[in-house]
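Reader: I'd like a close look at one part of this model, the loop that holds a residue with an odd backbone angle, and then whatever surrounds it. Could you walk me through it in one go?

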Amino acid sequence: MATESVEPTGQQDRSVSHYLSNHLRDYGMVLALIAIMAFFQFTTDGTLLRPVNITNLFLQNSYIIIMALGMLLVIVAGHIDLSVGSVVGFVGALAAVMMVQWGWSIYLTIPACLFVGILIGAAQGYWIAYWRIPSFIVTLAGMLVFRGASLWLLEGQSVGPFPREFQALSTGFIPDLLPFIKDMFGFERMNGFAVVTGIVIAGLIIWMGLRSRARNRAYGMVAEPMIFFVVRNLLVAGAIVFVSYKLATFRGLPNVLITMGFLTIVYAFLTESTTLGRRVYALGGNEKAAKLSGIRTERLTFLTFVNMGMLAALAGLIFAARLNTATPKAGVSFELDVIAAVFIGGASMSGGVGKIVGAVVGAFIMGVMNNGMSIMGIGIDYQQVIKGLVLLAAVIFDVYNKNKQS
């Protein structure tokens, strides 16, 4: 029977230090999120991790996270999209006009608004991909155009409220499908479905990690050091169970959390396990080499902006549902939060580098900072300064790592 060879202690230490130096950004962002949460948990006297505030964190940051998934692909491909905030406002305004003024049902409004988002992404992607107009210019124009279109649609006024079914898109919760759980353990107020869901997801993550590690070893691939593997999986699984328990003691799993989680899994699989995802990274890493290798770079660039438009439209629907009204100023500066989340999460300014999980972590770092500073009563002026400094630090760290590796 084959046995796994044991490396000398000095060699193991070198292996661990080498792995850590090559993955410092990945682990650094997770550690930064933990440190920021611990800081605000202490300074807010435990308010940050109360069930109602955790729920609010998901509701407040869901649309940022959803757009960050699309923005990551755009930035990895070597481009930028400054119009997403205006698209959010425009789609929310369009949904309000359709439902409140025209009397459309949500079953017609939601697909129609998503299709409009796809058309917006296609229009911008066409000029960027096939006419070679810089994405900064095209999407800056889009930001102005759709901000003006929102004002025109709403005639400068707020439009609402929305039907309750539409509001549930953002503020609804999954009912307790396992009510016997709370009776079994004697809890008066507990959403058993939320607890079981958290435990099952944590178990699946550990099982998939073990399976992937075994497959890598079978093919002779360099595996993550065991200490990092164990600590990382225990932290992730523990965090999921903890959050699900906290949510279970309030109102259960928000509908938007399910949407967010599903999209994160889909895009993580797309970027890490499909040919299309690998081609996006190749496009951002070296467009000329990608084109010479047979990749249709124009079409790929076009599709990344189509995808961004669709996700911005979805975020616009969710944001409008949460406010229960469409306002002319909806989505203002959202593009800055989304872009900051992607860069803080490890994406490179030059393209070709970035992960979906990193973008989600970056969005949560921004969200926890916003939430924590608001609880502490820090003014919006100081909040903007602090967020700007955090973004600058992330970009400096990215440049430092590149110079160190070159």
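Author: Let's start with Asn324, which sits in the loop between α14 and α15. This is a predicted model, so take every value below as computed from it. Phi of Asn324 is near 65 degrees, a positive value in a residue that isn't glycine. Most residues other than glycine have a negative phi. As for how open the spot is, Asn324 has 22% relative accessibility, so it counts as partly exposed; the cut-off for buried is under 20%.

Now for the two helices on either side of that loop. Helix α14 covers residues 297-323 and helix α15 covers residues 334-344. What ties them together? Phe319 in α14 pairs with Phe334 in α15, so parts that are 15 residues apart in sequence are joined by this pair. The ring centres are 5.0 Å apart and the planes stand at 80 degrees, so Phe319 and Phe334 form an edge-to-face pair. Phe319 is buried, at 10% relative accessibility, and Phe334 is buried too, at 10%.

Phe334 has a second job on the list, as one of the α15 residues that touch α3. Helix α3 (residues 51-76) packs against α15 at an angle of about 65 degrees, and the axes are 8 Å apart. The crossing of these two helices is right-handed. On the α3 side the contact is made by Tyr63, Ile64, Met67, Ala68, Met71, Leu72 and Ile75, while α15 brings in Phe334, Asp337, Val338, Ile339, Val342 and Phe343. Sort the residues of that contact by type and you get 12 nonpolar, no polar and one charged. Asp counts as charged, so the charged one is Asp337 of α15.

Follow α3 back towards the N terminus and there's another backbone oddity to set beside Asn324. Asp45 lies in the loop between α2 (24-43) and α3. Asp45 isn't a glycine either, yet it has a positive phi of about 55 degrees. Asp45 is exposed, with a relative accessible area of 67%, whereas Asn324 is partly exposed at 22%.

While we're on backbone geometry, there's a peptide bond to flag. Gly160 and Pro161 are joined by a cis peptide bond, with omega at about -5 degrees. Most peptide bonds are trans. Pro161 belongs to the loop between α6 (135-154) and α7 (164-171).

Since α6 has come up, look at Ser150, which lies in that helix. Ser150 is buried, at 0% relative accessibility. Leaving out neighbours within four places in sequence, Ser150 is in contact with Ser86, Gly89, Phe90 and Ala93. From Ser150 to Val91 the C-alpha to C-alpha distance is 8.1 Å, although 59 residues separate them in sequence.

Thr109 in helix α5 can be read alongside Ser150. Thr109 is buried as well, with a relative accessible area of 0%. Not counting residues up to four places away in sequence, Thr109 touches Ala95, Met98, Met99 and Trp104.

Helix α5 also takes us back to the aromatics, and to α14. The structure holds 13 aromatic pairs. In one of them, Tyr126 and Tyr130 are tilted, at 5.9 Å centre to centre with 40 degrees between the planes. These two are four residues apart in helix α5 (residues 106-130), so about one helical turn separates them. Tyr126 is partly exposed at 36% relative accessibility, and Tyr130 is partly exposed at 43%. Tyr126 and Tyr130 also belong to an aromatic cluster with Trp127, Trp131 and Phe302. Phe302 falls within the range 297-323 of α14, the helix that runs up to the Asn324 loop.

A ring with a charge over it is worth a look too. Arg213 lies over the face of Phe229, at 5.1 Å from the ring centre.

Finally, the whole chain as a backdrop. It has 17 helices and zero strands. Of its 406 residues, 46% are buried. Among contacts between residues at least 6 apart in sequence, 78% join residues at least 24 apart.

How values were computed: Residues are numbered from 1 along each chain as its sequence is written. This is a predicted model: local features need pLDDT of at least 70, side-chain atom pairs count only at pLDDT 80 or more; totals for chains, interfaces and linings use all residues. Side-chain values use heavy atoms; hydrogens and water are left out. Rings of Phe, Tyr and Trp (its six-membered ring) pair if their centres lie within 6.5 Å; planes under 30 degrees apart count as stacked, over 60 as edge-to-face and the rest as tilted. Buried means under 20% relative accessible area, exposed over 50%, partly exposed in between (1.4 Å probe, protein chains only). A charge sits over a ring if NZ of Lys or CZ of Arg is within 6 Å of the ring centre and within 35 degrees of the ring normal. Axes are lines fitted to C-alpha atoms, for helices over the stretch in contact, and angles run from 0 to 180 degrees between N-to-C directions. A crossing is left-handed if the near helix is turned anticlockwise from the far one by less than a right angle, and right-handed if clockwise. Contact means heavy atoms within 4.5 Å.
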